[in-house]
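Trainee: Hey, have you got a minute? I'd like to go through this one with you.
Mentor: Sure, put it up and ask away.

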Amino acid sequence: TLSGGQKNRLMLAKVLANPKSCLILDEPTNDLDMDTLDMLEEVLINYKGTLIVVSHDRDFLDQTVTKILAFEGDGDVEGYIGGYSDYLNIKKSDKLKKDSDRKNSVSQKNQNGSLEEKTPTKLSYKLDRELKKLPEKIEKITADIDQMNEILSDPYLYQRDPDLFHETVERLQRVQKRLEDAEERWLELEEMRLNTEEAHKAAK
């Protein structure tokens, strides 16, 4: 009789009530409300064992992991120390160098009469699914922010309950960062989708 989100929360509660020396979690943030997500992050940050987690939630990874295993395709798995933001910074640095090398290589190939690199004509299934789910995620985060702003709009809140005031302010900052990351990811994926559609039209 439980919904998908309720089943996820129950399963997490059972696992975290008696954690072993190693936890393996596959997309644990799916269908979680913000309160449960914050609680999950806090538990995992303080967890002393080995944590292996698969997630598309960048902020969640930044909060909970100390090493990224990036599956780059063709069986290539690279390890990077730090969270997801650290991984992105390293990848951006590597990409600048690779782009420079590739431009030189493509330029040389074109001079030799070779064909230019092909552009993908559609998003992968995982990226397309992530793009479709992001608006709902952004809507939920925005609603949570509105709720916290409504709490903070009470001019007497600090005098009446300073602990609630500080807790709400801190949580608001975390959730606003999560919203910023989600919107940035949506823009990134939407740009990729538009580029692949243009490539598909050009191929026709």
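Trainee: Let me jump right in: is Glu188 buried, partly exposed or exposed?
Mentor: Glu188 counts as partly exposed, because its relative accessibility is 32% and that class runs between the 20% limit for buried and the 50% limit for exposed. Keep in mind that we're looking at a predicted model.

Trainee: Okay. Which residue does Glu188 form a salt bridge with?
Mentor: With Arg58, and the closest N and O atoms are 3.1 Å apart. That pair links distant parts of the chain, with Glu188 in helix 7 and Arg58 in helix 3 (residues 58-64), 130 residues apart.

Trainee: And Arg58, buried or exposed?
Mentor: Buried, since the relative accessible area of Arg58 is 12% and buried means under 20%.

Trainee: How many salt bridges does the structure hold?
Mentor: There are 17 salt bridges in the structure. One of them is between Glu41 and Arg178, whose side chains meet at 3.0 Å, N to O.

Trainee: Where do Glu41 and Arg178 lie?
Mentor: Glu41 is in helix 2 (residues 34-45) and Arg178 is in helix 7 (residues 162-203), so this pair ties together parts that are 137 residues apart in sequence. Glu41 and Arg178 are both buried.

Trainee: What about Asp59, which residue forms a salt bridge with that one?
Mentor: Arg178 again, with the closest N and O atoms 3.4 Å apart. Here Arg178 in helix 7 is linked to Asp59 in helix 3, and the two are 119 residues apart. Both Arg178 and Asp59 are buried.

Trainee: So Arg178 turns up in both pairs. Which residues are joined into one network by salt bridges that share partners?
Mentor: On the acidic side you have Asp35, Asp38, Glu41, Asp59 and Asp144, and they are joined with Arg171, Arg174 and Arg178.

Trainee: Let's zoom out. How many helices and strands does the protein have?
Mentor: Seven helices and four strands. Going along the sequence, the pattern reads α-β-α-β-α-β-β-α-α-α-α.

Trainee: And what percentage of the residues count as buried?
Mentor: 27% of the 204 residues.

Trainee: New topic: rings. How many aromatic pairs are there?
Mentor: The structure holds three aromatic pairs. One of them is Tyr80 with Tyr87, an edge-to-face pair at 5.1 Å centre to centre, with 65 degrees between the planes. Both Tyr80 and Tyr87 are buried.

Trainee: Why is the pair of Tyr84 and Tyr87 tilted?
Mentor: It comes down to the angle: the planes of Tyr84 and Tyr87 are at 55 degrees, so the pair is tilted, and the ring centres are 5.5 Å apart. The cut-off for edge-to-face is over 60 degrees, and stacked is under 30.

Trainee: Where do Tyr84 and Tyr87 sit along the chain?
Mentor: Both are in helix 4 (residues 84-111), three residues apart, which is about one turn of the helix. Tyr84 is buried with a relative accessible area of 18%, and Tyr87 is buried at 11%.

Trainee: And what do the ring pairs link Tyr80, Tyr84 and Tyr87 into?
Mentor: A cluster, held together on paper by those ring pairs.

Trainee: Now the surface. Which residues form the negative patch?
Mentor: Asp74, Asp76, Glu78 and Asp94 form it. Asp74 is found in the loop between strand 3 (67-73) and strand 4 (76-81), and Asp74 counts as exposed at 89% relative accessibility.

Trainee: Which residues make the nonpolar surface patch?
Mentor: Leu69, Phe71 and Val77 make that one, and the patch covers about 340 Å². Leu69 has its place in strand 3. With a relative accessible area of 54%, Leu69 is exposed.

Trainee: Last one: how far apart are Asp26 and His56?
Mentor: They are 30 residues apart in sequence and 10.0 Å apart in space, C-alpha to C-alpha. Asp26 lies in strand 1 (residues 22-26), and Asp26 counts as exposed at 60% relative accessibility.

Notes
Residues numbered from 1 in each chain as written. Predicted model: local features only at pLDDT ≥ 70, side-chain atom pairs only at ≥ 80, totals over all residues. Heavy atoms only, no water. Patch = residues over 30% accessible without salt bridge, like charges linked within 9 Å, V, L, I, M, F, W, Y side chains within 5 Å. Areas by Shrake-Rupley, 256 points an atom, 1.4 Å probe, with all protein chains shown as cover. Salt bridge = Lys/Arg side-chain N within 4 Å of Asp/Glu carboxyl O. Lys, Arg positive; Asp, Glu negative; His and termini not counted. Charge placed at Lys NZ, Arg CZ, Asp CG, Glu CD. Buried < 20%, exposed > 50% of the residue type's maximum accessible area, 1.4 Å probe, protein only. Phe/Tyr/Trp six-rings, centres within 6.5 Å; stacked < 30°, edge-to-face > 60°.
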